[in-house]
There are 2 protein chains.
Amino acid sequence: MTSETRPTDSPVSERALHFLKALVERYIREGQPVGSRTLAKDTGLDLSPATVRNVMSDLEDLGLVVSPHTSAGRVPTVAGYRLFVNSLLTWRAPSEDDIASLRTRFDVRTDAKSLIETASTLLSGITHLAGVVMLPRHERNVFRQIELLPLSEKRVLAILVTSEGEVHNRIMGTERSFTPSQLEQASNYLNQMFTGQDIGEVRKRLLDELKHAHASMDQQMIRAAALAQEVVEAAESRDDCFIAGQTNLMEFGELASMDRIRQLFDIFNQKREILHILDRCIAAEGVQIFIGEESGYALLDDCSLVTTSYRVDDRVVGVLGVIGPTRMDYQRVVPIVDVTARLLAAALRQ
Amino acid sequence: MTSETRPTDSPVSERALHFLKALVERYIREGQPVGSRTLAKDTGLDLSPATVRNVMSDLEDLGLVVSPHTSAGRVPTVAGYRLFVNSLLTWRAPSEDDIASLRTRFDVRTDAKSLIETASTLLSGITHLAGVVMLPRHERNVFRQIELLPLSEKRVLAILVTSEGEVHNRIMGTERSFTPSQLEQASNYLNQMFTGQDIGEVRKRLLDELKHAHASMDQQMIRAAALAQEVVEAAESRDDCFIAGQTNLMEFGELASMDRIRQLFDIFNQKREILHILDRCIAAEGVQIFIGEESGYALLDDCSLVTTSYRVDDRVVGVLGVIGPTRMDYQRVVPIVDVTARLLAAALRQ
DNA sequence: TTTAGCACTCACCACCGGAGAGTGCTAACA
DNA sequence: TGTTAGCACTCTCCGGTGGTGAGTGCTAAA
């Protein structure tokens, strides 16, 4: 499954592609511009450096490689990587060791949150890049049970359990105090009303009820509904995202200036932009690769993302992947991301 | 409250101390070795550089300052900082702005976890250092209510609420399945048994019961107790710790080498060592300052910690502080840490 | 079409030398 | 005796210089 064969009338010859492949692989390995002499030896085609130079010149005209300065070798451009990834890449299956360590660390018995954490730690550990796992809004998230507990005078603890066995809780101050039995009554009422319904739906209905609070409901009920409203909102807006192994990125020369690293880390801390990019991968089938500027964020210009969604029972429940320099080892990384997604999905399905 | 006055027969003269103070303040401001000429101007004592040199030479003999190389100025040693902090420091009260931004951001209505997060973000934002907030094991943590919910065949969700309105939950697989009513019965039983008791106590009693599971308990009860045991352990061992603004540390020249920063970030990610240091501050009264190697961790040699515990109703509930280079602005930072602790405590007390 | 040869370019490195900042020491001074 | 001026010395930092090596583009021959 090396590549789709390209039409022979393609603007770039079969041989040139062969060189491009060798160049990208070499550059990924060494991290330094590749010269004609090196490349001539690498391909095994027994051609002189001069010939290689001519080919490289063509590739440069096509915008697939550039040389950083007159007398340096060539480096792939984003278009070059793209071509490489799309049709030149040979996958390299993850090593036994890697698979083993993935398998053993995904303990089925832990809860979703720590699985997510483990996944991103593992990803970063194995790939030596930054691992990221996102847990997006569920489209389908069901109200399962609510519990209202008095905590102290005028403070109520609301606990909401949703379909995935996730627990959301919030402490809320109230102006007037509830008696324990009032709270119990209220939670019974809410449970009767909403159990089994979609969270989004529940939120809407609660809002409605609060608006036209009809005479039939007593005051306490209305206030209980307000409490429920709050915790339901918390449950809806939650989308978590873990990033692990950020420090791995410091190893890569091309990112290793203080300013650059600081920018990157700041992006990671805010998470917003990352979430935004990952959001775009939810729908996609299979592994997605964003190279350099393709992510659409100037600050990730010299980085690539490799992501894939993971599914439980054919429903997408999240996205995971890695972030690293454009010069990452796609052949190795892509399969690892793929496998991790599968194993995480399996662990989540139980 | 500039300083405790030192005994006049102290090995280091009043004037020398004055110089030391000026030197430390200058070095903290500029970050560069301070020379005799500069210092002579700084103190306003109208002495020649030569005289200053003599004094500096004395201070060097006492191990309070060093010069990085022959023809550089002097830099405070750890002992120098220590002396400065103990008896030369003039506190600088936080600015109106800082206090205001602290006050408004501590919204009483949010739960403990997000308060903690806010606190560390604020600390780092205001001081331009890394902010850290720890939520240690409570000595007094009370079992309030447990809830066991069937999630699917052979999976049970256990939710435990403890005294502080904190919610712990865990999903557990069971070999045989429970009926909903069995679970309800079990949770009622557990609640009756344990409500109001200390968590540590509960854990012990559960262990006991499991060991000598007496005939009087039916099989299901025993298995329910095992579930409870798990979530109780989770509740006991929890000690969280947030670190924010790590990237601020990259601004400081003395830490700004890739290797150093990477080490630091790795330490922060592990959290273990940090927690360990913070643990030592729990008992202490008031603001604690660890300068350089005083923290006991070689990897934090060129860093200082400023921490204090925060209390609710005279019980220590946590520790917070900042981490930065030894050359941090103690005069400003210490009061800020102090105030933040008070405000956080107030917000937690409600 | 491929190759050898050649002139040229550029980054990298080691080296040199001067400028500037700061020191320690000594001797003179109040 | 404490303070100061003077002086030689040390060390960092910076800019310039020159050589080396890697690599290129171009041209002309095979």
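Start in chain B of this predicted model by selecting helix α7 (residues 180-194) and helix α8 (residues 199-211). The two pack at an angle of about 125°, and their axes are 11 Å apart. That angle makes α7(B) oblique to α8(B). Turn the view until one helix lies in front of the other: α7(B) passes α8(B) in a right-handed crossing.

Now show the side chains. From α7(B), pick B:Tyr189, B:Leu190, B:Met193 and B:Phe194. They meet B:Val202, B:Arg205, B:Leu206 and B:Glu209 in α8(B). Colour this contact by residue class and you'll get six nonpolar, no polar and two charged residues.

**Next stop: α5 and α6 of chain B**

Select helix α5 (residues 96-105) and helix α6 (residues 112-127), both in chain B. Here the axes come within 11 Å and cross at roughly 165°. Angles over 145 degrees count as roughly antiparallel. The two helices, α5(B) and α6(B), are therefore roughly antiparallel to each other. Their crossing is right-handed.

Who does the touching? On the α5(B) side, click on B:Asp98, B:Ser101, B:Leu102 and B:Arg105; on the α6(B) side, click on B:Thr118, B:Leu122 and B:Ile126. Sorted by class, this contact has three nonpolar, two polar and two charged residues.

**Then: α2 and α3 of chain B**

Move to helix α2 (residues 36-43) of chain B and put α3(B) beside it on screen; their axes come within 8 Å and cross at roughly 100°. That makes α2(B) roughly perpendicular to α3(B). To see the contact, show B:Ser36, B:Arg37, B:Leu39 and B:Ala40 of α2(B) together with B:Pro49, B:Val52, B:Arg53 and B:Met56 of α3(B). This set divides into five nonpolar, one polar and two charged residues.

Keep α3(B) selected and bring up DNA strand D. Which helix gives the largest share of the surface near this strand? It's α3 (residues 49-61) of chain B, with four residues.

**DNA strand D**

Select everything around strand D and you should have 18 residues, the closest being A:Ser36, A:Arg74, B:Thr51, B:Thr70 and B:Ser71. By class, the surface near strand D has three nonpolar, 11 polar and four charged residues. Which part of the DNA faces them? Of the strand D atoms within 4 Å of the protein, 75% belong to sugar or phosphate, and the rest to bases.

Zoom in on chain A for some distances. An N or O atom in the side chain of A:Arg74 is 2.8 Å from a phosphate oxygen of strand D. Two backbones join in as well: a polar backbone atom of A:Ser71 is 3.4 Å from a sugar or linking oxygen of the strand, and a backbone N or O atom of A:Thr70 lies 3.5 Å from a sugar or linking oxygen.

**Last stop: DNA strand C**

Switch to strand C. Of the 18 residues around it, A:Thr51, A:Thr70, A:Ser71, B:Ser36 and B:Arg74 come nearest. Sugar and phosphate account for 72% of the strand C atoms that come within 4 Å of the protein. Helix α3 (residues 49-61) of chain A supplies the largest share of this surface, four residues.

Finish with three side chains. A:Arg15 has a polar side-chain atom 3.0 Å from a phosphate oxygen of strand C. A:Ser71 reaches a base instead: one of its polar side-chain atoms lies 3.0 Å from a base oxygen. For B:Arg53, a side-chain N or O atom is 3.3 Å from a base oxygen of strand C.

Terms used
Residues numbered from 1 in each chain as written. Chains lettered and ligands numbered in written order. Predicted model: local features only at pLDDT ≥ 70, side-chain atom pairs only at ≥ 80, totals over all residues. Heavy atoms only, no water. Near = heavy atom within 4 Å. Polar contact = N/O pair within 3.5 Å; in protein donor to acceptor, adjacent residues only side chain to side chain. Axes fitted to C-alpha atoms, helices over the stretch in contact; angles between N-to-C directions. Parallel < 35°, antiparallel > 145°, perpendicular 65-115°, else oblique. Left-handed = near helix turned anticlockwise from the far one by under 90°. Contact = heavy atoms within 4.5 Å. Nonpolar A, V, L, I, M, F, W, Y, C, P; charged D, E, K, R; others polar.
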